[in-house]
Amino acid sequence: MTRIICVCGARPNFMKIAAIVRALRSHGGFETLLVHTGQHYDENMSRTFFGELGLPQPDINMEVGSASHSVQTARIMERFEPVALDFQPDYVLVVGDVNSTIACGLVAAKLGFKLIHVEAGLRSFDRTMPEEINRVLTDSISDLLFVTEQSGIDNLKKEGVDPAKIHFVGNVMIDTLLANKSAAGKSDVLQRLGVSAGQYGVVTLHRPSNVDDMMMLGEIVSAFEEIEKEIKLVFPMHPRTRNRIGESELAGRIEAMKNLLLVEPLGYLDFLCLMSNAMLVLTDSGGIQEETTVLGVPCMTLRKNTERPVTISDGTNRLVEMTSDGIVKAYRRIRQTGPNTKAKTPKFWDGRAAERIVKIISETRDG
Ligand code: UD1
């Protein structure tokens with residue numbers, strides 16, 4: 001039996017790790033320890049996903065909670081080291097680019113356990129983004145690097161990573177999307193929110209570069225004030241964003257918008273249903289750029305850059321100039337042109353990425 005620790009910690013990790021844990025279990029040759037760092041801990045940021053995604057309860061929840069990046073990272077490392085020492089894994093597998101990813105990756109590397117990074121090689125080339133630091137560092141200490149798109153291979157090779165360690169396998173987040181699409185179709189979220197298919201936009205915002213910078217947040221809010229005159233906007237608000245807006249002068253302007261529906265963060269199936277039926281999505285998330293590409297829904301990314309360029313070259317994503325005018329113009333362009341009918345699903349985003357990963361891990365172990 002190959003012993004493997006699978007790490008998850010923050011909301012976008014759960015969809016990725018769900019596909020991997022399922023594939024590991026159905027292979028049969030692995031003894032898996034599922035560790036939740038507790039980076040996200042609210043019912044609607046963490047627990048609901050385990051039930052909905054059919055993820056087994058974590059074997060260990062380290063309950064680190066929120067703190068500054070350094071304190072959070074340090075706490076995860078401190079608590080993960082004894083767990084790893086006790087389990088003596090052949091591999092530690094981390095996903096994505098959150099603080100839990102680098103923290104557990106670093107512990108594994110220091111203890112001499114082989115490290116696997118799923119979603120390796122993505123680069124925004126913006127070192128002010130905390131995730132970019134996490135990506136570069138995790139990749140540099142990983143033994144097996146699984147990538148979702150060609151840019152990932154190119155970036156890793158340029159950084160001097162041994163090509164033998166790099167494998168283009170596709171996208172495990174899309175494995176989970178495809179596995180849950182029909183169940184999401186049964187959600188009654190549209191009725192609950194009082195919106196009609198194709199008639200509304202979905203908003204998500206949580207990046208520090210948008211929500212911690214009041215000038216930038218002001219530009220975004222001004223744009224929403226224009227857009228909501230024409231369509232309803234549904235905005236499931238991330239706790240970080242809620243805290244920032246609550247502390248700011250923008251709270252009153254946001255509450256005054258009649259067509260901006262503020263809701264709590266949604267569960268996976270409800271959110272998937274909401275996105276699938278939207279006219280467009282406005283977001284600063286990484287994963288949502290990928291999900292909208294597969295769903296064929298236009299995505300306006302409220303950022304200066306993306307580490308997921310295939311969602312622009314092949315998919316439905318576009319970067320938006322980050323001014324109030326720029327956002328409104330991009331919205332009008334989508335309304336005029338409609339969805340990008342030339343969009344195609346990127347290579348290997350076919351629901352079988354986790355299967356490929358497990359096959360490669362078992363062959364590497366045997367070989
Ligand atoms: C983290 C990830 C980000 C990812 C995002 C998805 C890092 C550096 N960032 O950002 O890449 O896109 O998750 O959501 O790892 N909070 C709660 N309840 C929770 C979790 C957070 O109230 O369950 C609040 C706390 O006030 C906390 C703040 O949100 O301080 C930020 O949480 P944190 O985990 O530090 O980063 P995110 O912004 O969620």
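## A walk through the helices and loops

Let's start in a loop: Ala 343 sits between α16 (324–337) and α17 (353–366). Keep in mind that this is a predicted model. With a relative accessible area of 25%, Ala 343 comes out as partly exposed, because the buried class ends at 20%. Setting aside residues up to four places away in sequence, Ala 343 touches Asp 314, Gly 315 and Thr 316. For a sense of scale, take Val 189: Ala 343 is 154 residues from it in sequence, and their C-alpha atoms are 27 Å apart.

Follow the chain out of that loop and you get to α17. This helix has 14 residues and reaches 20 Å from its first C-alpha to its last, close to the 20 Å expected at 1.5 Å a residue. Its buried residues include Ala 353, Ala 354, Ile 357 and Val 358, and Ile 360, Ile 361 and Ser 362 are buried too.

α17 is also part of the surroundings of another helix, α7, whose buried residues pack against it. The other elements they pack against are α1, α2 (43–52), β5, α13 (268–276) and α14 (287–295). Which residues of α7 are buried? They are Val 172, Met 173, Ile 174, Asp 175, Thr 176, Leu 177, Asn 180 and Ala 184. α7 has 14 residues, and its end-to-end C-alpha distance of 20 Å is close to the 20 Å expected at 1.5 Å a residue. There is still a bend in α7, of about 40° at Ala 179.

Now look at how α7 meets α1. In general, two packed helices are described by the angle between their axes and the distance between the axes. Here, α1 (residues 11–27) and α7 (residues 172–185) pack at about 80°, with the axes 8 Å apart. That angle is why α1 counts as roughly perpendicular to α7. On the α1 side, the contact is made by Pro 12, Met 15, Lys 16, Ala 18, Ala 19 and Ile 20; α7 contributes Val 172, Met 173, Asp 175 and Thr 176. Sort the residues of this contact by type and you find seven nonpolar, one polar and two charged. Val 172, Met 173, Asp 175 and Thr 176 also appear among the buried residues of α7.

Another neighbour of α7 is α13, and Leu 269 is a handy place to look, as it belongs to that helix. Leu 269 counts as buried because its relative accessibility is 17%. Leaving aside neighbours within four places in sequence, Leu 269 is in contact with Glu 52, Asn 180, Ala 183, Ala 184 and Ser 187. Asn 180 and Ala 184 are themselves buried residues of α7. His 167 is another story: 102 residues from Leu 269 along the chain, with 30 Å between the two C-alpha atoms.

Next, a buried loop residue. His 238 lies between β9 (232–236) and α11 (239–246), and counts as buried at 12% relative accessibility. Beyond its neighbours within four places in sequence, its contacts are Arg 11, His 40, Met 45, Leu 205, His 206 and Pro 265.

On to α3 (residues 69–87). Why does its length fit a helix? At 1.5 Å a residue, its 19 residues should span 27 Å, and the end C-alpha atoms are indeed 27 Å apart. Even so, α3 has a kink of about 30° at Phe 80, shortly before the proline Pro 82. Phe 80 is one of the buried residues of α3, along with Gln 72, Thr 73, Ile 76, Val 83, Ala 84 and Phe 87. What covers them includes the strands β1 (2–8), β2 (30–36), β3 (60–61) and β4 (91–95), plus the helix α4 (99–111).

Step off the end of α3 and the backbone does something to check. Most residues other than glycine have a negative phi. Just after α3, though, Gln 88 takes a positive phi of about 50°. Gln 88 is in the loop between α3 and β4, and at 44% relative accessibility counts as partly exposed. Phe 125 also has a positive phi, about 60°, although it is not a glycine. You'll find Phe 125 in the loop between β5 (114–120) and α5 (130–140), where its relative accessible area of 62% makes it exposed.

Methods. Residues numbered from 1 in each chain as written. Predicted model: local features only at pLDDT ≥ 70, side-chain atom pairs only at ≥ 80, totals over all residues. Heavy atoms only, no water. Helix = DSSP H or I, 4+ residues; strand = E, 2+ residues; numbered from the N terminus. Expected span 1.5 Å × (residues − 1). Bend = angle between axes of the 7 residues up to and from the residue. Buried < 20%, exposed > 50% of the residue type's maximum accessible area, 1.4 Å probe, protein only. Contact = heavy atoms within 4.5 Å. Axes fitted to C-alpha atoms, helices over the stretch in contact; angles between N-to-C directions. Parallel < 35°, antiparallel > 145°, perpendicular 65-115°, else oblique. Nonpolar A, V, L, I, M, F, W, Y, C, P; charged D, E, K, R; others polar.
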